[in-house]
Amino acid sequence: MTKNYLLVVLINILLMGCGSLAKEYDSNTLQTSSNTFQATSDTRLTPSSDNDEDYIPNAIEEYIGSDMYNGDTNHNGILDGLETRGEFGDNYFSKQWYIYSSGSLTNGSGVSSLLGYNLNLLPVYQKYMGYNGGNNIVIQIVDTGVYYLHEDLYDNIDTERSHNGLKFGRITLPSTSQPHGTKVAGVIAARGFNGKGVRGIIPFGKIAVSDWLMYSSLEILEEVWLTGYKANDIAISNNSWGFEFSTQTIPEEYMQRASSQLREGKGRLFVFPAGNLRNIKGSANLQYILNNRFAITVASVNYNNKHSSYSSKGSNILIAAYSGEDIGTTPTIATTTVPQSSNNSSSNPTTWHDDYERNYTFDFSGTSAATPMVSASIGLVLEACPTLTWRDVRHLLALTSKQIDSTNSSWIKNGAGLYHSIDYGFGLINPAKMIEVCQTHYDLLPAEDSFQKTIYPNTPIADNLSTTLLTIDVLRSLTIEWVELTIDSDHRYASDLAIYLVSPSGTKTQLLDQNTISSKASTLETTADWMNGGFRLSSAAFVDEISKGEWQVEIVDKSMGDSGTVNTLKLKIYGH
Ligand SMILES: [Ca+2]
Ligand SMILES: [Ca+2]
Ligand SMILES: [Ca+2]
Ligand SMILES: [Ca+2]
């Protein structure tokens with residue numbers, strides 16, 4: 001494997017097969033839906049109205065041809081916007097508890113969701129989605145490709161901005177063993193109110209397909225993320241994949257440039273999963289690609305508002321969204337899939353046995369499934385408030401997210417009064433609140449500023465569970481957006497270390513815990529002393545605190561035997 005290829009793992013708790021590439025279809029066979037595309041204007045959209053209060057805004061009713069003065073057109077006691085029957089319903093909407101949980105049966109095993117534990121999207125549809133239901137928003141799905149011929153995806157595919165590994169304007173159909181990208185696509189933008197299947201969170205949003213995971217080369221990633229055809233119009237990039245451990249720096253350079261250049265300088269938003277490695281103390285902080293301020297890192301939460309058993313921790317986690325776990329015990333995620341995929345048969349309870357031929361499944365879970373919920377929710381927010389920059393979106397996520405599982409000891413209240421957790425970030429995403437705030441009383445952030453301070457302690461790390469404490473004095477006073485700590489240590493087995501960072505306000509977050517990741521050093525192309533030369537960790541926990549004062553770094557070696565010294569510590573703070 002050459003240096004230009006990345007060892008990427010899909011963040012899905014299902015193992016993926018390695019099927020051959022499917023047949024390539026020429027884009028001429030596609031009817032592009034991009035003719036209706038209009039560049040996002042800088043004018044805030046005004047709230048919509050919903051005369052019959054059926055959760056379908058008037059403008060959407062006009063668009064789809066339903067009756068804006070009749071909330072229950074088929075007179076069955078179910079409001080049109082909650083309807084699973086009829087030409088304006090989505091057949092499996094009642095299974096999509098993460099959009100609207102009624103507490104009724106939600107999956108093939110008959111497990112119920114909990115009433116009201118959802119993303120609170122109905123008020124968003126009713127109040128803010130009025131003009132076009134996301135029609136202006138293009139979300140890129142960087143994955144295994146998308147089965148674009150799917151009956152519930154086809155109308156929302158943006159072919160022009162899609163890339164099949166060779167060129168733009170083309171999409172390759174994924175093989176039956178590669179349903180991952182098609183599952184992600186259904187969560188984001190399965191066509192809403194069309195009498196078919198499911199409803200995407202952004203029901204008329206546009207999907208730009210990339211099957212980059214079939215290639216995983218940096219050259220193609222640069223095209224897909226940054227330099228590609230009409231790249232300026234792609235608002236959000238959903239990346240439901242990641243690494244167990246990574247030190248690769250180049251993807252971050254692409255993200256940095258995309259954040260300053262695309263979306264007319266307001267930046268494309270990059271959304272990633274935290275990972276599914278909690279059981280081996282895997283951490284989002286072990287992925288260099290997530291230890292930067294451009295990556296929006298997502299943890300996953302089950303139907304009961306508690307983190308999924310697999311969802312990796314990380315101080316760099318910004319936000320959480322729903323996913324599933326075991327089809328037999330928890331409501332999982334209903335979405336689209338590819339035809340004849342192995343998880344999609346009449347004998348498999350993870351799909352609807354009466355409709356498997358039309359390619360829908362319950363069987364989506366992992367932080368892979370939570371990530372597209374965040375991407376699509378941000379899409380709804382950007383439509384309501386198109387002037388938000390990538391930094392404003394991050395800030396709004398921190399300000400508006402909902403604290404869940406509040407007795408969990410991982411929650412810390414920072415000096416600005418915001419709650420952050422290495423399990424949940426700032427909590428469950430709350431798109432309705434984000435839109436309410438950005439439309440009524442949110443001031444865009446001033447220009448970004450940053451500084452760094454390096455110290456050279458050359459201090460041995462105690463090899464006996466006692467804490468090695470180092471301090472960094474900061475004179476600059478910034479309102480914090482993001483903090484990075486780079487540790488250069490010659491410790492012979494850096495994965496023995498637990499590392500904490502304490503701000504001048506007294507906020508203490510765990511950047512790293514002892515883990516077993518480096519036991520896989522050979523396969524991960526690294527070594528047990530991976531902090532030698534410097535490894536950067538990062539945290540979102542200090543948002544809106546003031547940087548000035550004494551920062552403390554606490555290091556605990558949790559396993560006897562290997563030891564080392566801390567050579568340098570570099571604290572870098574971004575803010576305004
Ligand atoms: Ca209506
Ligand atoms: Ca109606
Ligand atoms: Ca009805
Ligand atoms: Ca549908």
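**Calcium sites, cores and salt bridges**

Student: Which residues are the protein donors of the calcium ion (ligand 3)?

Tutor: In this predicted model, ligand 3, a calcium ion, has as its protein donors Asp72 (OD), Asn74 (OD1), Asn76 (OD1), Ile78 (O) and Glu83 (OE), which lie 2.2 to 2.4 Å from it. Along the sequence these donor residues are spaced D-x1-N-x1-N-x1-I-x4-E. Asp72 and Glu83 are 11 residues apart, each in the loop between α1 (58-64) and α2 (122-128).

Student: Are Asp72 and Glu83 buried or exposed?

Tutor: Both Asp72 and Glu83 are buried.

Student: And what coordinates the calcium ion (ligand 1)?

Tutor: That ion is coordinated by Asp50 (OD), Asp52 (OD), Asp54 (OD), Ile56 (O) and Glu61 (OE), at 2.1 to 2.3 Å. The spacing of its donors along the chain is D-x1-D-x1-D-x1-I-x4-E. Ile56 has a relative accessible area of 0%, so this residue is buried.

Student: What does Asp52 bridge?

Tutor: Asp52 bridges the calcium ion (ligand 1) and the calcium ion (ligand 2), and these two ions lie 4.1 Å apart. Asp52 counts as buried because its relative accessibility is 13%, under the 20% limit.

Student: New topic. Which residues touch the most other members in the largest nonpolar core?

Tutor: They are Ile201, Trp225 and Ile378, in a core of 112 residues. Helix α6 (residues 367-384) gives the largest share of this core, 10 residues.

Student: Where does this core lie with respect to domain 1 and domain 2?

Tutor: The core lies between them, because domain 1 (34-39 + 99-440) and domain 2 (449-575) both give residues to it. Another core lies apart from it and has 32 residues, among them Leu470, Ile499, Leu537 and Val553.

Student: How many salt bridges does a search of the whole structure find?

Tutor: The search finds 19 salt bridges. One of them joins Arg536 and Glu252, with the closest N and O atoms 2.5 Å apart. Arg536 is in strand β21 (residues 535-539) and Glu252 in helix α5 (residues 250-261), so far along the chain that 284 residues separate the two. Both Arg536 and Glu252 are buried.

Student: How far apart are the closest N and O atoms of Lys433 and Glu436?

Tutor: In that salt bridge they are 4.0 Å apart. Lys433 and Glu436 are 3 residues apart in helix α8 (residues 431-440), which means that about one helical turn separates them. Lys433 is partly exposed, with a relative accessible area of 35%, and Glu436 also counts as partly exposed, at 35% relative accessibility.

Terms used. Residues numbered from 1 in each chain as written. Chains lettered and ligands numbered in written order. Predicted model: local features only at pLDDT ≥ 70, side-chain atom pairs only at ≥ 80, totals over all residues. Heavy atoms only, no water. Donors = N, O, S within 2.8 Å, 3.2 Å for Na, K, Ca; no water. Buried < 20%, exposed > 50% of the residue type's maximum accessible area, 1.4 Å probe, protein only. Helix = DSSP H or I, 4+ residues; strand = E, 2+ residues; numbered from the N terminus. Core = buried A, V, L, I, M, F, W, Y, C linked by side-chain atoms within 4.5 Å. Domains from an automatic or database assignment. Salt bridge = Lys/Arg side-chain N within 4 Å of Asp/Glu carboxyl O.
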